[in-house]
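Q: Could you show me how to read helices and aromatic rings in a protein model?
A: Sure, let's open it up and go one feature at a time.

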Amino acid sequence: MFNRIMKRGPKKPSKSDDFGAPDGNPLPNAAGVVVNHASRGGAAPPAGAAVALTMPPPSGTIEPLPPFRDVPVSERQTLFLRKLQNCCFLLDFSDTLKNVREKEIKRQTLMELVDFIQSGSGKITENCQEEMIKMISVNIFRCLPPASHENTGAENNDPEEEEPSMDAAWPHLQLVYELLLRYVVSSDTDTKVAKRYIDHSFVLKLLDLFGSEDPREREYLKTILHRIYGKFMVHRPFIRKAINNIFYRFIYETERHSGIGELLEILGSIINGFALPMKEEHKLFLVRALLPLHKPKSVGMYHQQLSYCILQFVEKDFKLADTVIRGLLKYWPVTNCQKEVLFLGELEEVLEATQAAEFQRCMVPLFRQISRCLNSSHFQVAERALFLWNNEHIVSLIAQNRTVVLPIIYEALEKNIKCHWNQAVHGLTVNVRKMFVEMDAELVEECQRQHAEREAKAHEVEQQRELNWKKLAEAAAQNGPLDMVTV
(Lines give C-alpha, C1' and ligand atoms only; values in the text may rest on other atoms or scores of the structure.)
Protein backbone atom coordinates (compact mmCIF):
# COMPACT_ATOMS: atom_id res chain seq x y z
CA MET A 1 0.00 0.00 0.00
CA PHE A 2 2.84 2.38 0.92
CA ASN A 3 4.60 1.73 -2.39
CA ARG A 4 1.41 2.40 -4.34
CA ILE A 5 0.96 5.74 -2.57
CA MET A 6 4.56 6.71 -3.30
CA LYS A 7 4.24 5.84 -7.00
CA ARG A 8 1.42 8.31 -7.42
CA GLY A 9 3.86 11.15 -6.97
CA PRO A 10 3.68 14.09 -4.60
CA LYS A 11 0.33 15.74 -4.12
CA LYS A 12 -0.02 19.33 -5.17
CA PRO A 13 0.43 21.25 -1.92
CA SER A 14 -2.49 23.20 -0.61
CA LYS A 15 -2.78 25.71 2.18
CA SER A 16 -3.77 22.99 4.57
CA ASP A 17 -0.64 21.02 3.65
CA ASP A 18 1.82 23.83 4.29
CA PHE A 19 4.31 22.69 6.89
CA GLY A 20 6.83 25.46 6.34
CA ALA A 21 8.21 26.82 9.57
CA PRO A 22 8.01 30.57 10.23
CA ASP A 23 11.76 30.92 9.69
CA GLY A 24 11.55 29.48 6.18
CA ASN A 25 13.12 26.10 7.03
CA PRO A 26 11.21 22.85 6.56
CA LEU A 27 9.62 21.43 9.67
CA PRO A 28 10.64 17.98 10.87
CA ASN A 29 8.45 15.17 9.54
CA ALA A 30 6.01 13.26 11.72
CA ALA A 31 8.81 11.40 13.40
CA GLY A 32 10.46 14.63 14.45
CA VAL A 33 13.23 14.15 11.88
CA VAL A 34 14.08 16.66 9.14
CA VAL A 35 14.02 14.78 5.85
CA ASN A 36 17.19 15.23 3.84
CA HIS A 37 15.88 15.03 0.28
CA ALA A 38 19.31 15.26 -1.32
CA SER A 39 20.50 12.19 0.57
CA ARG A 40 17.58 10.20 -0.93
CA GLY A 41 18.65 10.89 -4.48
CA GLY A 42 16.48 13.96 -5.12
CA ALA A 43 17.30 17.63 -5.22
CA ALA A 44 16.87 19.51 -1.99
CA PRO A 45 13.76 21.70 -1.99
CA PRO A 46 14.16 25.43 -1.82
CA ALA A 47 13.94 27.11 1.55
CA GLY A 48 10.38 27.46 2.77
CA ALA A 49 9.04 24.71 0.44
CA ALA A 50 5.91 23.00 1.72
CA VAL A 51 6.09 19.39 2.84
CA ALA A 52 2.79 17.56 2.21
CA LEU A 53 1.32 16.32 5.48
CA THR A 54 -0.42 13.39 3.87
CA MET A 55 2.81 11.97 2.42
CA PRO A 56 3.68 8.94 4.56
CA PRO A 57 7.07 9.21 6.30
CA PRO A 58 9.93 7.21 4.79
CA SER A 59 10.70 3.75 6.09
CA GLY A 60 12.50 3.66 9.39
CA THR A 61 11.81 7.25 10.46
CA ILE A 62 8.77 6.76 12.68
CA GLU A 63 9.75 7.97 16.14
CA PRO A 64 7.75 8.65 19.32
CA LEU A 65 6.47 12.16 19.91
CA PRO A 66 5.91 13.82 23.29
CA PRO A 67 2.47 13.42 24.95
CA PHE A 68 0.00 16.30 24.63
CA ARG A 69 0.26 17.07 28.32
CA ASP A 70 4.00 17.78 27.97
CA VAL A 71 3.59 20.64 25.48
CA PRO A 72 1.98 24.07 25.91
CA VAL A 73 -1.67 24.40 24.91
CA SER A 74 -0.70 26.71 22.03
CA GLU A 75 1.43 23.97 20.44
CA ARG A 76 -1.00 21.07 20.78
CA GLN A 77 -2.64 21.57 17.38
CA THR A 78 0.79 21.39 15.73
CA LEU A 79 1.63 18.27 17.75
CA PHE A 80 -1.75 16.83 16.76
CA LEU A 81 -0.80 17.23 13.08
CA ARG A 82 2.57 15.59 13.62
CA LYS A 83 0.97 12.63 15.39
CA LEU A 84 -1.47 12.27 12.50
CA GLN A 85 1.50 12.15 10.15
CA ASN A 86 3.04 9.35 12.22
CA CYS A 87 -0.17 7.38 11.88
CA CYS A 88 -0.15 7.65 8.07
CA PHE A 89 2.75 5.22 8.15
CA LEU A 90 1.34 1.82 7.03
CA LEU A 91 2.91 -1.29 8.52
CA ASP A 92 3.00 -4.93 7.48
CA PHE A 93 1.01 -7.12 9.87
CA SER A 94 1.47 -10.31 7.88
CA ASP A 95 4.78 -10.79 9.73
CA THR A 96 4.42 -10.41 13.50
CA LEU A 97 8.19 -9.94 13.93
CA LYS A 98 8.45 -7.11 11.42
CA ASN A 99 8.47 -3.43 12.55
CA VAL A 100 7.61 -4.37 16.14
CA ARG A 101 8.90 -1.07 17.52
CA GLU A 102 7.11 1.04 14.88
CA LYS A 103 3.85 -0.85 15.44
CA GLU A 104 3.93 -0.10 19.15
CA ILE A 105 4.77 3.59 18.54
CA LYS A 106 1.87 3.92 16.12
CA ARG A 107 -0.50 2.14 18.51
CA GLN A 108 0.45 4.46 21.37
CA THR A 109 0.09 7.49 19.07
CA LEU A 110 -3.38 6.41 17.98
CA MET A 111 -4.42 5.96 21.61
CA GLU A 112 -3.22 9.49 22.39
CA LEU A 113 -5.21 10.88 19.45
CA VAL A 114 -8.35 9.09 20.63
CA ASP A 115 -7.89 10.42 24.17
CA PHE A 116 -7.28 13.93 22.84
CA ILE A 117 -10.55 13.93 20.85
CA GLN A 118 -12.50 12.23 23.64
CA SER A 119 -11.24 14.59 26.35
CA GLY A 120 -12.74 17.63 24.62
CA SER A 121 -9.57 19.61 25.16
CA GLY A 122 -10.89 22.16 22.71
CA LYS A 123 -12.11 22.42 19.16
CA ILE A 124 -9.54 21.20 16.69
CA THR A 125 -8.92 23.45 13.72
CA GLU A 126 -10.45 22.82 10.32
CA ASN A 127 -6.98 22.04 9.00
CA CYS A 128 -6.54 19.37 11.67
CA GLN A 129 -9.97 17.89 10.90
CA GLU A 130 -9.12 17.61 7.23
CA GLU A 131 -5.80 15.91 7.92
CA MET A 132 -7.38 13.60 10.48
CA ILE A 133 -9.93 12.34 7.94
CA LYS A 134 -7.08 11.87 5.44
CA MET A 135 -5.14 9.80 7.98
CA ILE A 136 -8.23 7.73 8.77
CA SER A 137 -8.82 7.18 5.04
CA VAL A 138 -5.24 6.03 4.48
CA ASN A 139 -5.63 3.39 7.18
CA ILE A 140 -9.14 1.98 6.74
CA PHE A 141 -9.85 2.37 3.02
CA ARG A 142 -7.97 -0.59 1.60
CA CYS A 143 -8.50 -3.57 -0.64
CA LEU A 144 -10.19 -6.24 1.45
CA PRO A 145 -8.70 -9.75 1.25
CA PRO A 146 -10.58 -12.31 -0.87
CA ALA A 147 -13.53 -13.94 0.83
CA SER A 148 -13.20 -17.50 2.11
CA HIS A 149 -15.17 -19.01 -0.78
CA GLU A 150 -13.03 -17.05 -3.27
CA ASN A 151 -9.83 -18.47 -1.77
CA THR A 152 -11.06 -22.06 -1.97
CA GLY A 153 -12.91 -21.67 -5.24
CA ALA A 154 -15.96 -23.37 -3.74
CA GLU A 155 -19.26 -21.83 -4.79
CA ASN A 156 -21.64 -23.94 -2.74
CA ASN A 157 -20.17 -23.38 0.71
CA ASP A 158 -22.74 -22.50 3.34
CA PRO A 159 -21.89 -18.96 4.57
CA GLU A 160 -23.26 -19.87 8.01
CA GLU A 161 -20.63 -22.58 8.39
CA GLU A 162 -17.64 -20.46 7.36
CA GLU A 163 -15.24 -19.25 10.03
CA PRO A 164 -14.95 -15.44 10.22
CA SER A 165 -11.66 -14.01 8.98
CA MET A 166 -9.85 -11.82 11.51
CA ASP A 167 -7.73 -8.94 10.22
CA ALA A 168 -4.18 -9.07 11.61
CA ALA A 169 -4.00 -5.26 11.58
CA TRP A 170 -6.96 -4.92 13.94
CA PRO A 171 -4.90 -3.56 16.90
CA HIS A 172 -4.36 -0.42 14.79
CA LEU A 173 -7.61 -0.46 12.81
CA GLN A 174 -9.69 -0.56 15.99
CA LEU A 175 -8.05 2.61 17.27
CA VAL A 176 -8.50 4.37 13.92
CA TYR A 177 -12.21 3.46 13.94
CA GLU A 178 -12.48 4.59 17.55
CA LEU A 179 -10.93 7.94 16.59
CA LEU A 180 -13.43 8.36 13.76
CA LEU A 181 -16.33 7.44 16.06
CA ARG A 182 -15.22 9.90 18.76
CA TYR A 183 -14.86 12.62 16.14
CA VAL A 184 -18.35 12.01 14.74
CA VAL A 185 -20.10 11.91 18.13
CA SER A 186 -18.14 14.76 19.69
CA SER A 187 -20.21 17.81 20.61
CA ASP A 188 -17.24 19.91 19.48
CA THR A 189 -17.56 18.63 15.90
CA ASP A 190 -19.29 21.21 13.71
CA THR A 191 -21.31 19.35 11.08
CA LYS A 192 -21.07 22.26 8.65
CA VAL A 193 -17.28 21.89 8.66
CA ALA A 194 -17.15 18.10 9.03
CA LYS A 195 -19.44 17.42 6.06
CA ARG A 196 -16.74 18.82 3.75
CA TYR A 197 -14.56 15.85 4.64
CA ILE A 198 -17.16 13.23 5.58
CA ASP A 199 -18.74 13.58 2.16
CA HIS A 200 -20.58 11.21 -0.19
CA SER A 201 -17.34 9.66 -1.40
CA PHE A 202 -16.26 8.95 2.19
CA VAL A 203 -19.65 7.41 3.03
CA LEU A 204 -19.55 5.16 -0.06
CA LYS A 205 -16.11 3.88 0.90
CA LEU A 206 -17.37 3.17 4.42
CA LEU A 207 -20.24 1.16 2.96
CA ASP A 208 -17.81 -0.82 0.80
CA LEU A 209 -16.01 -1.89 3.98
CA PHE A 210 -19.16 -3.68 5.20
CA GLY A 211 -17.94 -6.49 2.95
CA SER A 212 -15.18 -7.19 5.48
CA GLU A 213 -15.27 -10.70 6.94
CA ASP A 214 -14.03 -9.42 10.30
CA PRO A 215 -17.13 -9.04 12.53
CA ARG A 216 -15.28 -6.58 14.79
CA GLU A 217 -14.77 -4.20 11.90
CA ARG A 218 -18.39 -4.47 10.76
CA GLU A 219 -19.57 -3.70 14.31
CA TYR A 220 -17.58 -0.45 14.34
CA LEU A 221 -18.78 0.43 10.84
CA LYS A 222 -22.39 -0.13 11.91
CA THR A 223 -22.06 2.22 14.87
CA ILE A 224 -20.19 4.90 12.91
CA LEU A 225 -22.54 4.89 9.92
CA HIS A 226 -25.55 5.06 12.23
CA ARG A 227 -24.02 8.09 13.99
CA ILE A 228 -23.23 9.74 10.66
CA TYR A 229 -26.84 9.20 9.56
CA GLY A 230 -28.08 10.79 12.77
CA LYS A 231 -25.72 13.77 12.74
CA PHE A 232 -25.44 14.64 9.03
CA MET A 233 -29.02 15.12 7.85
CA VAL A 234 -27.80 16.10 4.39
CA HIS A 235 -26.44 12.57 3.88
CA ARG A 236 -29.59 10.67 4.86
CA PRO A 237 -31.22 10.16 1.42
CA PHE A 238 -27.84 9.29 -0.08
CA ILE A 239 -27.11 6.67 2.61
CA ARG A 240 -30.52 5.03 2.16
CA LYS A 241 -30.06 4.88 -1.61
CA ALA A 242 -26.52 3.49 -1.30
CA ILE A 243 -27.69 0.73 1.08
CA ASN A 244 -30.52 0.00 -1.33
CA ASN A 245 -28.00 -0.54 -4.14
CA ILE A 246 -25.94 -2.92 -1.98
CA PHE A 247 -29.08 -4.99 -1.37
CA TYR A 248 -29.91 -5.08 -5.10
CA ARG A 249 -26.41 -6.32 -5.95
CA PHE A 250 -26.60 -8.93 -3.21
CA ILE A 251 -30.07 -10.22 -4.16
CA TYR A 252 -29.77 -10.29 -7.94
CA GLU A 253 -26.04 -10.77 -8.56
CA THR A 254 -23.72 -12.10 -5.87
CA GLU A 255 -25.81 -13.50 -2.98
CA ARG A 256 -22.56 -13.03 -1.03
CA HIS A 257 -22.02 -10.17 1.41
CA SER A 258 -20.79 -10.25 4.98
CA GLY A 259 -22.49 -7.09 6.21
CA ILE A 260 -26.18 -7.47 5.30
CA GLY A 261 -27.12 -8.09 8.95
CA GLU A 262 -25.31 -4.96 10.16
CA LEU A 263 -26.85 -2.81 7.42
CA LEU A 264 -30.30 -4.11 8.37
CA GLU A 265 -29.65 -3.22 12.01
CA ILE A 266 -28.97 0.37 10.93
CA LEU A 267 -32.12 0.36 8.83
CA GLY A 268 -34.18 -1.00 11.71
CA SER A 269 -33.37 2.14 13.68
CA ILE A 270 -33.94 4.37 10.63
CA ILE A 271 -37.34 2.82 9.87
CA ASN A 272 -38.33 3.27 13.49
CA GLY A 273 -37.87 7.02 13.00
CA PHE A 274 -39.92 7.35 9.80
CA ALA A 275 -42.56 10.03 10.04
CA LEU A 276 -46.21 9.31 9.26
CA PRO A 277 -47.80 9.24 6.78
CA MET A 278 -45.01 7.18 5.31
CA LYS A 279 -43.41 8.41 2.10
CA GLU A 280 -43.95 6.43 -1.09
CA GLU A 281 -40.16 6.10 -1.36
CA HIS A 282 -40.08 4.08 1.87
CA LYS A 283 -42.92 1.77 0.76
CA LEU A 284 -41.09 1.09 -2.51
CA PHE A 285 -37.98 0.24 -0.50
CA LEU A 286 -40.01 -2.34 1.43
CA VAL A 287 -41.36 -3.97 -1.75
CA ARG A 288 -38.25 -3.76 -3.94
CA ALA A 289 -35.44 -4.39 -1.44
CA LEU A 290 -36.54 -5.74 1.95
CA LEU A 291 -39.06 -8.38 0.84
CA PRO A 292 -36.75 -9.78 -1.89
CA LEU A 293 -34.07 -10.22 0.78
CA HIS A 294 -36.04 -13.34 1.77
CA LYS A 295 -34.93 -14.94 -1.50
CA PRO A 296 -31.18 -15.72 -0.97
CA LYS A 297 -30.18 -19.05 0.52
CA SER A 298 -28.18 -17.32 3.25
CA VAL A 299 -31.24 -15.51 4.66
CA GLY A 300 -30.73 -17.32 7.97
CA MET A 301 -27.63 -15.22 8.65
CA TYR A 302 -29.60 -11.95 8.76
CA HIS A 303 -33.21 -13.06 9.14
CA GLN A 304 -33.60 -11.73 12.67
CA GLN A 305 -32.63 -8.19 11.58
CA LEU A 306 -34.70 -8.45 8.40
CA SER A 307 -37.76 -9.62 10.31
CA TYR A 308 -37.39 -6.66 12.70
CA CYS A 309 -37.31 -4.19 9.78
CA ILE A 310 -40.37 -5.77 8.17
CA LEU A 311 -42.26 -5.68 11.45
CA GLN A 312 -41.40 -1.99 11.90
CA PHE A 313 -43.15 -1.21 8.61
CA VAL A 314 -46.31 -3.10 9.64
CA GLU A 315 -46.39 -1.46 13.07
CA LYS A 316 -45.90 1.97 11.48
CA ASP A 317 -48.63 1.43 8.89
CA PHE A 318 -50.95 -1.55 9.52
CA LYS A 319 -52.26 -1.31 5.94
CA LEU A 320 -48.91 -2.72 4.75
CA ALA A 321 -49.65 -6.09 6.42
CA ASP A 322 -51.32 -7.44 3.26
CA THR A 323 -48.33 -6.36 1.14
CA VAL A 324 -45.88 -7.99 3.54
CA ILE A 325 -47.79 -11.29 3.84
CA ARG A 326 -48.15 -11.59 0.06
CA GLY A 327 -44.44 -10.82 -0.27
CA LEU A 328 -43.59 -13.63 2.15
CA LEU A 329 -45.80 -16.02 0.20
CA LYS A 330 -44.08 -14.99 -3.05
CA TYR A 331 -40.64 -15.94 -1.71
CA TRP A 332 -41.80 -18.92 0.35
CA PRO A 333 -39.16 -21.70 0.20
CA VAL A 334 -40.07 -24.93 -1.55
CA THR A 335 -37.32 -27.34 -0.54
CA ASN A 336 -35.53 -25.59 2.35
CA CYS A 337 -37.22 -26.65 5.59
CA GLN A 338 -35.05 -24.48 7.85
CA LYS A 339 -36.05 -21.41 5.86
CA GLU A 340 -39.71 -22.45 6.17
CA VAL A 341 -39.39 -22.51 9.96
CA LEU A 342 -37.93 -18.97 9.84
CA PHE A 343 -40.72 -17.76 7.55
CA LEU A 344 -43.40 -19.20 9.84
CA GLY A 345 -41.86 -17.42 12.83
CA GLU A 346 -41.81 -14.12 10.94
CA LEU A 347 -45.35 -14.71 9.70
CA GLU A 348 -46.58 -15.08 13.27
CA GLU A 349 -45.02 -11.73 14.25
CA VAL A 350 -46.58 -9.99 11.24
CA LEU A 351 -50.01 -11.56 11.87
CA GLU A 352 -49.86 -10.39 15.47
CA ALA A 353 -49.70 -6.80 14.17
CA THR A 354 -52.34 -7.37 11.46
CA GLN A 355 -55.85 -5.94 11.62
CA ALA A 356 -58.98 -7.83 10.53
CA ALA A 357 -59.45 -5.97 7.24
CA GLU A 358 -55.89 -6.71 6.03
CA PHE A 359 -56.18 -10.31 7.23
CA GLN A 360 -59.29 -10.86 5.13
CA ARG A 361 -57.53 -9.62 1.97
CA CYS A 362 -54.83 -12.28 2.11
CA MET A 363 -56.28 -15.13 4.18
CA VAL A 364 -57.09 -17.47 1.25
CA PRO A 365 -53.55 -17.70 -0.24
CA LEU A 366 -52.11 -17.51 3.28
CA PHE A 367 -53.95 -20.56 4.63
CA ARG A 368 -53.37 -22.53 1.46
CA GLN A 369 -49.67 -22.19 2.23
CA ILE A 370 -50.20 -22.94 5.93
CA SER A 371 -52.15 -26.05 4.91
CA ARG A 372 -49.13 -27.28 2.93
CA CYS A 373 -46.91 -26.61 5.94
CA LEU A 374 -49.26 -28.57 8.23
CA ASN A 375 -48.71 -31.67 6.08
CA SER A 376 -44.94 -31.23 5.79
CA SER A 377 -43.03 -34.44 6.40
CA HIS A 378 -40.44 -32.34 8.24
CA PHE A 379 -41.84 -32.30 11.75
CA GLN A 380 -40.35 -28.89 12.66
CA VAL A 381 -42.22 -27.19 9.82
CA ALA A 382 -45.54 -28.87 10.69
CA GLU A 383 -45.03 -28.19 14.39
CA ARG A 384 -44.17 -24.50 13.81
CA ALA A 385 -47.28 -24.07 11.65
CA LEU A 386 -49.47 -25.59 14.38
CA PHE A 387 -47.93 -23.22 16.95
CA LEU A 388 -49.76 -20.36 15.21
CA TRP A 389 -52.86 -21.49 17.11
CA ASN A 390 -51.09 -20.71 20.39
CA ASN A 391 -51.27 -17.00 19.57
CA GLU A 392 -54.48 -15.43 20.90
CA HIS A 393 -54.60 -12.60 18.35
CA ILE A 394 -54.18 -15.02 15.42
CA VAL A 395 -56.82 -17.34 16.87
CA SER A 396 -59.24 -14.41 17.15
CA LEU A 397 -58.63 -13.51 13.48
CA ILE A 398 -59.17 -17.13 12.47
CA ALA A 399 -62.33 -17.36 14.61
CA GLN A 400 -63.82 -14.28 12.92
CA ASN A 401 -63.15 -15.84 9.51
CA ARG A 402 -63.53 -19.54 10.35
CA THR A 403 -66.05 -20.18 7.55
CA VAL A 404 -63.26 -19.39 5.05
CA VAL A 405 -60.23 -20.69 6.92
CA LEU A 406 -61.45 -24.09 8.17
CA PRO A 407 -62.55 -25.48 4.75
CA ILE A 408 -59.07 -24.65 3.40
CA ILE A 409 -57.13 -26.48 6.13
CA TYR A 410 -59.60 -29.18 7.23
CA GLU A 411 -58.24 -31.82 4.87
CA ALA A 412 -54.67 -31.15 6.10
CA LEU A 413 -55.83 -31.57 9.71
CA GLU A 414 -57.55 -34.87 8.95
CA LYS A 415 -54.51 -36.13 7.08
CA ASN A 416 -52.22 -35.34 10.03
CA ILE A 417 -54.56 -37.07 12.50
CA LYS A 418 -54.71 -40.19 10.36
CA CYS A 419 -51.17 -40.66 9.19
CA HIS A 420 -48.54 -38.13 10.28
CA TRP A 421 -45.48 -39.99 11.57
CA ASN A 422 -44.59 -37.55 14.37
CA GLN A 423 -46.51 -37.92 17.62
CA ALA A 424 -46.03 -34.29 18.67
CA VAL A 425 -47.51 -33.09 15.36
CA HIS A 426 -50.37 -35.58 15.74
CA GLY A 427 -51.17 -34.31 19.25
CA LEU A 428 -51.03 -30.62 18.26
CA THR A 429 -53.31 -31.30 15.28
CA VAL A 430 -55.89 -32.96 17.53
CA ASN A 431 -55.81 -29.88 19.78
CA VAL A 432 -56.34 -27.51 16.83
CA ARG A 433 -59.28 -29.56 15.58
CA LYS A 434 -60.76 -29.53 19.07
CA MET A 435 -60.38 -25.75 19.12
CA PHE A 436 -62.43 -25.47 15.93
CA VAL A 437 -65.08 -27.77 17.39
CA GLU A 438 -65.39 -25.40 20.36
CA MET A 439 -65.61 -22.41 17.99
CA ASP A 440 -68.25 -23.84 15.68
CA ALA A 441 -69.25 -27.51 15.94
CA GLU A 442 -71.73 -27.25 13.05
CA LEU A 443 -69.04 -25.89 10.72
CA VAL A 444 -66.70 -28.75 11.65
CA GLU A 445 -69.48 -31.27 10.93
CA GLU A 446 -70.13 -29.64 7.55
CA CYS A 447 -66.42 -29.70 6.68
CA GLN A 448 -66.28 -33.32 7.77
CA ARG A 449 -69.25 -34.20 5.55
CA GLN A 450 -67.71 -32.42 2.54
CA HIS A 451 -64.40 -34.11 3.21
CA ALA A 452 -66.12 -37.52 3.33
CA GLU A 453 -67.88 -36.78 0.03
CA ARG A 454 -64.59 -35.81 -1.61
CA GLU A 455 -62.93 -38.95 -0.33
CA ALA A 456 -65.84 -41.08 -1.60
CA LYS A 457 -65.63 -39.45 -5.03
CA ALA A 458 -61.89 -39.94 -5.10
CA HIS A 459 -62.39 -43.59 -4.15
CA GLU A 460 -64.94 -44.03 -6.97
CA VAL A 461 -62.56 -42.43 -9.47
CA GLU A 462 -59.78 -44.75 -8.34
CA GLN A 463 -62.05 -47.79 -8.62
CA GLN A 464 -63.14 -46.73 -12.09
CA ARG A 465 -59.50 -46.29 -13.13
CA GLU A 466 -58.62 -49.78 -11.86
CA LEU A 467 -61.66 -51.21 -13.67
CA ASN A 468 -60.63 -49.58 -16.95
CA TRP A 469 -57.12 -50.99 -16.66
CA LYS A 470 -58.58 -54.42 -15.91
CA LYS A 471 -60.78 -54.29 -19.05
CA LEU A 472 -57.80 -53.28 -21.16
CA ALA A 473 -55.75 -56.15 -19.76
CA GLU A 474 -58.58 -58.63 -20.51
CA ALA A 475 -59.01 -57.32 -24.05
CA ALA A 476 -55.31 -57.64 -24.67
CA ALA A 477 -55.31 -61.22 -23.37
CA GLN A 478 -58.26 -62.21 -25.67
CA ASN A 479 -56.71 -60.77 -28.82
CA GLY A 480 -53.39 -62.40 -28.16
CA PRO A 481 -50.03 -61.01 -29.11
CA LEU A 482 -49.99 -58.80 -32.22
CA ASP A 483 -48.03 -60.07 -35.22
CA MET A 484 -45.12 -57.90 -36.17
CA VAL A 485 -45.44 -56.82 -39.78
CA THR A 486 -42.15 -56.26 -41.52
CA VAL A 487 -41.77 -54.37 -44.75
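**Reading rings and helices**

A: Let's start with one ring: Phe 313 has a relative accessible area of 0%, so it is buried. Keep in mind that this is a predicted model.

Q: Which ring pairs with Phe 313, and how are the planes set?
A: Its partner is Phe 274: the ring centres are 6.2 Å apart and the planes meet at 65°, which makes the pair edge-to-face because that angle is over 60. Phe 274 sits in the loop between α11 and α12, while Phe 313 belongs to helix α13, so the pair ties together parts 39 residues apart in sequence. Phe 274 is buried too, at 9%.

Q: How many aromatic pairs does the structure hold?
A: There are 16. Another of them is Trp 170 with Tyr 177, a tilted pair with 6.1 Å between centres and 40° between planes.

Q: How do I describe two packed helices?
A: You give the angle between their axes and the distance between the axes. Here, α16 and α19 pack at about 5°, with axes 9 Å apart. That angle is under 35 degrees, so α16 is roughly parallel to α19. Residues in the contact include Phe 367 of α16 and Ile 408 of α19. By class, the contact has 10 nonpolar, 2 polar and 1 charged residues.

Q: Why do residues three or four places apart in a helix point the same way?
A: An α-helix has 3.6 residues a turn, so such residues end up on a shared side. Now look at α3: its buried residues include Lys 106, Leu 110, Leu 113 and Ile 117. The buried residues of α3 pack against α2, α4 and α6.

Definitions and conventions:
Residues numbered from 1 in each chain as written. Predicted model: local features only at pLDDT ≥ 70, side-chain atom pairs only at ≥ 80, totals over all residues. Heavy atoms only, no water. Buried < 20%, exposed > 50% of the residue type's maximum accessible area, 1.4 Å probe, protein only. Helix = DSSP H or I, 4+ residues; strand = E, 2+ residues; numbered from the N terminus. Contact = heavy atoms within 4.5 Å. Axes fitted to C-alpha atoms, helices over the stretch in contact; angles between N-to-C directions. Parallel < 35°, antiparallel > 145°, perpendicular 65-115°, else oblique. Nonpolar A, V, L, I, M, F, W, Y, C, P; charged D, E, K, R; others polar. Phe/Tyr/Trp six-rings, centres within 6.5 Å; stacked < 30°, edge-to-face > 60°.
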